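Subject: Structure handover

Hi,

Here is the structure I promised to pass on. Have a look at it in your viewer while you read the rest of this mail.

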Amino acid sequence: MDEMDLMKKLRDVPSPGPEAYDRARAALRTAMEEPVATVVRPRRWFSWPQAGVVAAGAAAVAAAVVIGTSGGGVPAGPSDAAPSAVEAPLVKLAAAVKAAGTQPGDASLIINTKFGPDNEPDLYYTLYTDQGRQFTGDSAKTLVDAVAKGHAEPATPYDGKVMAAARLAANGDVDQARTAMITAANNALGVGLSPAEADKAWAAAQAETAEVFRKVGKPVPASRPRPTGKDLENLINNHLWSNAEHALFANAADAEVRAGVLKLYATIPDMVVGKTTVDGQPALTLTAPPAILGGGADVLTINADNGLPIREEITSAEPSKRYVVNYKAARVTLADVAAGKI
């Protein structure tokens with residue numbers, strides 16, 4: 001059972017509230033005995049219909065980022081060092097995306113097609129509005145029905161926080177945005193806190209994790225000491241990658257959010273940025289550092305001209321399972337969607 005299975009079960013029992021729910025999900029990721037792969041997101045996967053399932057590489061688990069730690073508190077790490085060969089193309093692309101601006105409309109439509117180990121396609125539609133509401137469906141018809149009837153899903157504090165962090169990065173304060181994105185679900189790792197405060201935050205997160213397991217009827221994992229050194233760095237980086245991906249996959253058609261995510265990705269040490277083509281279009285591949293993925297692999301392919309996601313290829317560590325997700329994003333109006341114009 002992975003994180004998504006556990007959280008699905010958690011939805012069936014009374015929740016203390018959306019903010020606690022989001023903190024529990026993040027605590028589950030960071031405090032379990034083994035790394036938790038977020039390879040089966042129930043929604044927010046873009047799709048790219050013409051980009052087939054053929055994948056050149058493996059792609060991994062829950063992702064993110066970190067920079068160094070010290071013997072005192074836990075910093076998020078500087079992002080204002082001299083641009084590296086990896087950083088430069090993403091920073092340049094982010095600037096171009098920001099300058100181009102967001103297309104007209106009042107919502108981002110995301111259509112995703114996920115191919116799991118059985119190679120069967122799983123289609124999902126997500127509409128994220130500029131007001132922070134979300135509509136979903138497993139077909140164009142069910143999405144249209146949801147919008148027409150006003151059946152929006154409740155906005156969560158987590159969604160608002162990852163969007164705000166991405167916008168903050170897009171508008172220049174990348175250091176503050178890094179911290180905001182890393183801690184969007186919680187600050188179980190104690191980023192920016194004193195050692196005593198960090199220990200307290202870690203203990204609280206493990207307590208929430210225990211409650212998650214109790215709610216779904218699973219044995220509660222033994223508590224662990226707060227990670228330090230390289231282990232801590234990898235977990236911080238994992239949170240940055242994962243939370244930034246969440247913002248991108250929910251709202252990529254918003255240029256400001258997309259530009260901010262690209263700038264945050266540019267701060268990830270050891271991430272590999274490569275060049276490729278997809279259906280004749282220039283594209284970039286973003287390969288997360290293996291150390292932050294718990295033994296899996298995650299390769300995100302984006303359009304080299306506009307930064308829109310094209311494909312994600314994920315391979316979990318244990319057991320080894322491969323997923324390919326194709327993405328498509330567009331700006332739309334709620335009125336058009338309600339009228340069936342998708």
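Below are my notes on it, grouped by region. Keep in mind that this is a predicted model.

Aromatic pairs and H8

There are two aromatic pairs in the structure. In one of them, the ring centres of phenylalanine 249 and tyrosine 327 are 4.7 Å apart and the planes sit at 25°, so this pair counts as stacked, the limit for that being under 30 degrees. The pair ties together distant parts of the chain: phenylalanine 249 belongs to helix H8 (residues 229-251) and tyrosine 327 to strand S8 (residues 322-332), with the two positions 78 residues apart. Both phenylalanine 249 and tyrosine 327 are buried.

H8 also packs against helix H5 (residues 157-170), with the axes 9 Å apart and an angle of about 95°. That puts H5 roughly perpendicular to H8, because angles of 65 to 115 degrees fall in that class. On the H5 side, the contact is made by Tyr158, Asp159, Val162, Met163 and Arg167. H8 contributes Asn243, His246, Ala247, Ala250 and Asn251.

The loop before H5

Alanine 152 sits in the loop between helix H4 (140-148) and H5. Is alanine 152 buried or partly exposed? Its relative accessible area is 29%, so alanine 152 is partly exposed, as buried would need under 20%. If you skip its neighbours within four places in sequence, alanine 152 is in contact with Arg133, Gln134 and Phe135. Threonine 136 is 16 residues away from alanine 152 in sequence, with a C-alpha to C-alpha distance of 8.0 Å.

H7

Helix H7 (residues 195-215) runs for 21 residues. From its first C-alpha to its last, H7 reaches 30 Å, close to the 30 Å expected at 1.5 Å a residue. Its buried residues include Trp202, Gln206, Thr209 and Phe213, along with several alanines, among them Ala198 and Ala201. Just after H7 comes glycine 217, which has a positive phi of about 75°.

H9

How many of the 11 residues of helix H9 (residues 255-265) are buried? The count is nine, so H9 is mostly covered, with buried meaning under 20% relative accessible area. Among the buried ones are Arg258 and Tyr265, together with Val257, Val261, Leu262 and Leu264. At the start of H9, aspartate 254 places a side-chain oxygen within 3.0 Å of the backbone nitrogen of glutamate 256.

That's everything from me for now.

Cheers

Definitions and conventions:
Residues are numbered from 1 along each chain as its sequence is written. This is a predicted model: local features need pLDDT of at least 70, side-chain atom pairs count only at pLDDT 80 or more; totals for chains, interfaces and linings use all residues. Side-chain values use heavy atoms; hydrogens and water are left out. Rings of Phe, Tyr and Trp (its six-membered ring) pair if their centres lie within 6.5 Å; planes under 30 degrees apart count as stacked, over 60 as edge-to-face and the rest as tilted. Helices (H or I, at least four residues) and strands (E, at least two) are DSSP runs, numbered from the N terminus. Buried means under 20% relative accessible area, exposed over 50%, partly exposed in between (1.4 Å probe, protein chains only). The expected span of a helix is 1.5 Å times one less than its number of residues. A polar contact is a pair of N or O atoms within 3.5 Å; within protein, one must be able to donate a hydrogen and the other to accept it, and residues adjacent in sequence count only if both atoms are side-chain atoms. Axes are lines fitted to C-alpha atoms, for helices over the stretch in contact, and angles run from 0 to 180 degrees between N-to-C directions. Angles under 35 degrees count as roughly parallel, over 145 as roughly antiparallel, 65 to 115 as roughly perpendicular and the rest as oblique. Contact means heavy atoms within 4.5 Å.
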